[in-house]
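Got a new model on the screen and not sure where to begin? Let's go through it together, one feature at a time.

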Amino acid sequence: MLERLIEKRPDGRTTVMLSGFIDETADLEALLGDVEGEIALDLSAVQRINSIGAHRWIITLARLTAHRRVTVEAVPYSVGMQANYVANFFARAEVLSCLAPYACATCETSTNLLIHRDEVSLRAPTRWCKRCKNELVFDELDGYLDFLVRNRS
Ligand SMILES: [Zn+2]
């Protein structure tokens, strides 16, 4: 089940926050088809995507981004993994940020932190543990961020 929360921004753009599963039960056309103008897609609350969902996502995004500006924010880990496997996963949309996995070796905890594409050089940006203040370890291969930086302008 996939749901949406829509918010009109003062600048005229529309934020669409999707939450739940992008799978065979997700009606992406119904959730995105009636939104007009520029769209900012917030994916932070998407919990899972499967191959059927990814297939539908690609078709919907290709149509959605054909004639307007679409930005994508806070791409969660599961979606990022799919995006790295599939060409044109975000069509012409601009991917601005993602939730990336970091771990603290001292506290033995892991967390997903928001990183913006402009913070990524060859590696993931440095983050520090909120509890012990030590530097966190980026808990993925650097290549994980490919989907975030490959269409960076
Ligand atoms: Zn720590």
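What follows is a short chat about how to read this predicted model.

Q: Before anything else, what is the mean pLDDT of the protein?
A: Start with a rule of thumb: where pLDDT is low, don't read the predicted coordinates in detail. Here the mean is 94, and 99% of the residues get to 70 or more. Among the elements, strand β2 (residues 14-22) has the highest mean, 98, while helix α4 (residues 146-149) has the lowest, 92.

Q: How many helices and strands are there in the protein?
A: You'll find four helices and eight strands. Walking from the N terminus, the elements go β-β-α-β-α-β-α-β-β-β-β-α. The radius of gyration is 16 Å, close to the 15 Å that the globule rule gives for 153 residues, so the protein is as compact as a globular protein of that length. Its C-alpha trace spans about 50 × 35 × 25 Å along the principal axes.

Q: Which order do the strands take in the open sheet of three?
A: In general, strands of a sheet pair through backbone hydrogen bonds, either parallel or antiparallel. In this sheet the order is β7-β6-β8, and the pairing is antiparallel. Strands β7 (109-116) and β8 (137-138) are the edges, each pairing on one side only.

Q: How many bridges link β6 and β8?
A: Two, with β6 covering residues 97-104. Look for Tyr102, which stands opposite Phe138 in β8.

Q: What share of the residues counts as buried?
A: That's 26% of the 153 residues. As for contacts with a separation of 6 or more, 62% come from residues 24 or more positions apart.

Technical notes: Residues are numbered from 1 along each chain as its sequence is written. This is a predicted model: local features need pLDDT of at least 70, side-chain atom pairs count only at pLDDT 80 or more; totals for chains, interfaces and linings use all residues. pLDDT is the predictor's confidence in each residue, from 0 to 100. Two strands pair if DSSP finds at least two bridges between them. The radius of gyration is taken over C-alpha atoms; the globule rule is 2.2 Å times the number of residues to the power 0.38. A residue is buried if 20 or more other C-beta atoms lie within 10 Å of its own, exposed if 12 or fewer, and partly exposed in between; C-beta atoms are placed from the backbone. Two residues are in contact if their C-beta atoms, placed from the backbone, lie within 7 Å.
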